[in-house]
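Notebook open, coffee poured. I want to go through the salt bridges, the core and some helix packing, and jot down what I find.

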Amino acid sequence: MVRTRIVGAALAVVAVAGLAVALPWGAASGDDRVPHARKGPLVIGHRGASGYRPEHTLAAYELAARMGADYVEPDLVATRDGKLVARHENEIGGTTDVASRPEFAARRTTKVIDGAPLTGWFTEDFTLAELKTLRAVERIPDVRARNTLYNGRFEVPTFEEVIDLSRRLSRELGREIGIYPETKHPTYFQEIGLPLEPRLVDVLNRKGLNRHGARVYVQSFEVANLKWLKSRLRVPLVQLVSASGAPYDFVKAGDKRTYRDLVTPDGLRDLRAYASGIGVEKPLIIPRDAAGNLGQPTTLVRDAHVRGLTVHSWTFRNENTFLPADLRTSTDPAAYGRALEEYARFYATGLDGVFADNPDTAVEARNG
């Protein structure tokens, strides 16, 4: 087995006006909105340190920062009274204790989210004050049984609380902790009269973060809302790209393009008009073969860099169930596999950042 060592001073090469230009990791050609350049790929605490604490809690975000994450990632959804809160989905039956609260039993309902029916409890049916009475629980207890120790301890945080936490930790740790918010189901929230984007812009403005050089990225799986944000934000925008399917706003509009169309050479060129980077699912960078083993890298990182786009990839996790077959250590899905080897393979492609449930592992791999 070949061991790959990550060279911290490595440079990404992009083409500008036909010339090869070396840029530091994390910097995109021609984009003065990229918040900073650094040696080595960014480590983004995916929903916080969600490998160790229930996701999207202040405890998870704080642990991610203390483990060395450069950014923390709050997914944003809206409450009935228009406040932005951090939840992976607007359906909260699996991430809070709402199902055990008799006072909210009547609010269980079925809705159509992004074209698919979903039954549960939804943030848009609760005021912020009501959500604050709930407590977070571990989303995947079968895999992360240890995290259930913290069930019932932490509130659902607002976006502003996440920003305030990042600022406090930046002072305490002596390094700036960035935020990387994602707008969840933007078409859906627009259709029900609770658009996320104006609220996001308002919070960033009030917090003094809508400026060049702020440690902020804004991401979305949809396209139209990023284009709307392009003229209203001074921070870099990131187009999220899944290995399958299509942006829901494309589906809604009858646009036949898929996510994979967005990362063709022509798609990347068009994407560059409104985004500074792409956040791509791992198989688009290194696919797995028919046996589930990690294969050979694609040209996507190079193709994106040539067009001046940064590349962040998701999601890196330590447990066997999430790792390629050849990097698993046993048949126990919850046991840790050879995650450091997976990071080494991906870091060697020259990507600019990773979304990690276990930020300490990502940092250790980056250290080489």
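Entry 1, a charged pair. I started with R257, which is partly exposed because its relative accessibility is 37%. Exposed would need over 50%, and buried under 20%. Its partner is D255: the two side chains form a salt bridge, 2.7 Å from N to O. D255 is at 26% relative accessibility, so that residue is partly exposed too. Note to self: this is a predicted model.

Entry 2, how many salt bridges are there in the whole structure? My search turned up 27. I picked a few to look at one by one.

Entry 3, E342 with K282. Their side chains meet in a salt bridge at 2.9 Å, N to O. The two residues sit 60 apart in the chain, so I'd call this a link between distant parts, with E342 in helix α11 (residues 339–347) and K282 in the loop between β13 (277–281) and α10 (300–306). Buried or exposed, these two? Both E342 and K282 are buried. For E342 I also pulled the number: a relative accessible area of 1%, which is why it counts as buried. Then I listed what E342 touches, skipping neighbours within four places in sequence: K282, R288, F316, R317, L323, P324 and L327.

Entry 4, D357 with R317. R317 had just come up as a contact of E342, and R317 has a salt bridge of its own with D357, at 2.8 Å from N to O. This pair also links distant parts of the chain, 40 residues apart: D357 lies in the loop between β15 (353–356) and α12 (359–367), R317 in the loop between β14 (310–316) and α11. I checked burial here as well, and D357 and R317 are both buried.

Entry 5, a network. Which residues join up beyond a simple pair? I found E62, R66, R168 and E172 linked through salt bridges.

Entry 6, helix α1. This helix covers residues 58–66, and its buried residues are A60, Y61, L63, A64 and A65. I followed them outward and saw them pack against strands β3 (42–45), β4 (71–72) and β6 (84–86), plus helices α3 and α12. Just past the end of α1, G68 has a positive phi of about 110°.

Entry 7, α3 against α5. Helix α3 runs over residues 159–173 and helix α5 over 196–206; they pack at about 30°, with 11 Å between their axes. I logged the crossing as right-handed. On the α3 side the contact uses F159, E160 and I163, and on the α5 side L200, V203, L204 and R206. Sorted by class, that contact has five nonpolar residues, two charged and no polar ones.

Entry 8, the nonpolar core. Which members of the largest core touch the most others? Out of its 83 residues, I got F159, L204, V218, I278, V280 and I285. F159 and L204 were already in my notes from the α3–α5 contact. I then took V280 and left out residues up to four places away in sequence; what remains in touch with V280 is V241, V263, I285, L300, V311, H312, S313 and W314. Another core lies apart from the largest one: it has nine residues, including Y180, V238, W314 and F355.

Key: Residues are numbered from 1 along each chain as its sequence is written. This is a predicted model: local features need pLDDT of at least 70, side-chain atom pairs count only at pLDDT 80 or more; totals for chains, interfaces and linings use all residues. Side-chain values use heavy atoms; hydrogens and water are left out. A nonpolar core is a set of buried Ala, Val, Leu, Ile, Met, Phe, Trp, Tyr and Cys residues joined through side-chain atoms within 4.5 Å. Buried means under 20% relative accessible area, exposed over 50%, partly exposed in between (1.4 Å probe, protein chains only). Contact means heavy atoms within 4.5 Å. Axes are lines fitted to C-alpha atoms, for helices over the stretch in contact, and angles run from 0 to 180 degrees between N-to-C directions. A crossing is left-handed if the near helix is turned anticlockwise from the far one by less than a right angle, and right-handed if clockwise. Ala, Val, Leu, Ile, Met, Phe, Trp, Tyr, Cys and Pro count as nonpolar, Asp, Glu, Lys and Arg as charged, and the others, Gly among them, as polar.
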